[in-house]
Amino acid sequence: MPVHPALIHITEQSHDVLIELIYATENNFTGQVIYDHPLCFLHPQAEAGLRRAALAARGFGLRLKILDAFRPQEAQEALWAVAPNPDYIADPAKGSNHTRGVAVDLTLVGADGQALDMGTPVDTMTVASHHFHAAHPAQIQVNRMLLLTVMLESGFVHHPHEWWHYQLPQAGQFALIDSHDFMTCLHAGSHAAAGSVAP
Ligand SMILES: [Zn+2]
């Protein structure tokens, strides 16, 4: 039996998704590069859910666009240093579900390649990011509900304050993934991607 990897490498090709990791660039709310690898990883159980979600999105003629997935502890500390707001950023002393590899930030992209209008940019830390925020017009509510439907159907749960954040149920029961385990996955990453189909 193969050793189960702590994290599985997600690529656009292997998972039929688009990937634009916002913290690997300056194009995020901090204006800083938070981590310097452009690779996307998830825990095997979350990866299985993502496969279901990608298929479900296709059923609506849409695709998923991943904005963030596994986040190393050092990156969580860097985010917290910029925005120590526990409503939107997990205190690194407690650990983020992104550092457990079971949380993913994402949106939906239409057939034209454009992201659907979700009413706010990702990481907007105001009530406008809350699910069902009543001030948004109907089309935005529908767009958010499409993402909600796809993700709930695929085994994730939502975060009431962040339209873009989904995670596995009981996420806190998963272990935080330490830097050593992550480096092993990172080095294996590009080679393992093709063979990372769960048994
Ligand atoms: Zn998130």
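How far apart are the end C-alpha atoms of α2, and what span should its 16 residues have at 1.5 Å a residue? The end C-alpha atoms are 23 Å apart, and the expected span is 22 Å, so the two agree. Keep in mind that this is a predicted model. Here's a quick tour, starting with the sheet, then the helices, then the core.

**The sheet**

- Five strands make up an open sheet, and they run in the order β2-β4-β5-β7-β6 with mixed pairing.
- The edges belong to β2 (18–19) and β6 (157–159); each has a single partner strand, so one side of each has no neighbour in the sheet.
- At one of those edges, β2 pairs with β4 (residues 63–68) in the parallel sense, over two bridges.
- Across that pairing, Leu18 sits opposite Lys65 in β4, and Ile19 sits opposite Ile66 in β4.
- Next along, β4 and β5 are antiparallel partners with five bridges between them.
- One of the pairs here is Asp68 with Asp105, its bridge partner in β5.
- Then β5 pairs with β7, again in the antiparallel sense, this time over three bridges.
- Look for Ala103 here, which stands opposite Gln167 in β7.
- At the other edge, β6 and β7 are antiparallel over three bridges, and they form a hairpin with two residues between them.
- In that hairpin, His158 has Tyr166 of β7 as its bridge partner.

**How covered the strands are**

- β4 is mostly covered, with five of its six residues buried.
- β7 also has five of its six residues buried, so the rest of the structure largely encloses β7.

**Helix α2**

- α2 lies across β4 and β5 (103–109), and it runs at about 140° to β4.
- Its buried residues are Ala46, Glu47, Gly49, Leu50, Ala53, Ala54 and Ala57.
- Viewed down the axis of α2, those buried residues fit within an arc of 155°, so they line one face of the helix.
- A handy rule for reading a pattern like this: an α-helix has 3.6 residues a turn, so residues three or four places apart point the same way.
- Plenty of elements help cover the buried residues of α2, including β1 (8–10), α1 (12–15), β3 (40–42), β4, β5 and α4.
- Just past the helix, Gly61 adopts a positive phi of about 75°.

**Helix α4**

- α4 has 16 residues, and its first and last C-alpha atoms are 22 Å apart, close to the 22 Å expected at 1.5 Å a residue.
- The buried residues in α4 are Asn143, Arg144, Leu147, Val150 and Met151.
- Around the axis, these residues cover an arc of only 120°, which puts them on the same side of α4.
- That buried set packs against α2, β5, β6 and β7.
- Turn to the face of α4 pointing away from the buried side and you'll find the exposed residues Ala138 and Val142.
- Right after α4, Gly155 has a positive phi of about 100°.

**Helix α3**

- In α3 (residues 73–82), the buried residues are Ala75, Gln76 and Leu79.
- They span an arc of only 100° around the axis, which places them on the same side of α3.

**The nonpolar core**

- The largest nonpolar core has 40 residues, and the members that touch the most others are Leu7, Ile10, Phe41, Leu42, Ile66, Ala69 and Val104.
- Helix α2 (residues 44–59) is the top contributor to this core, giving five residues.
- As a general point, nonpolar side chains in soluble globular proteins tend to be buried together.
- Leu42 is a good residue to click on: setting aside neighbours within four places in sequence, Leu42 is in contact with Leu7, Ile8, Ile10, Glu47, Leu50, Ala69, Phe70, Gly101 and Val104.

Notes
Residues numbered from 1 in each chain as written. Predicted model: local features only at pLDDT ≥ 70, side-chain atom pairs only at ≥ 80, totals over all residues. Core = buried A, V, L, I, M, F, W, Y, C linked by C-beta atoms within 7 Å. Buried ≥ 20, exposed ≤ 12 C-beta atoms within 10 Å, placed from the backbone. Helix = DSSP H or I, 4+ residues; strand = E, 2+ residues; numbered from the N terminus. Contact = placed C-beta atoms within 7 Å. Pairing = 2+ DSSP bridges. Axes fitted to C-alpha atoms, helices over the stretch in contact; angles between N-to-C directions. Arc of directions from axis to C-beta. Expected span 1.5 Å × (residues − 1).
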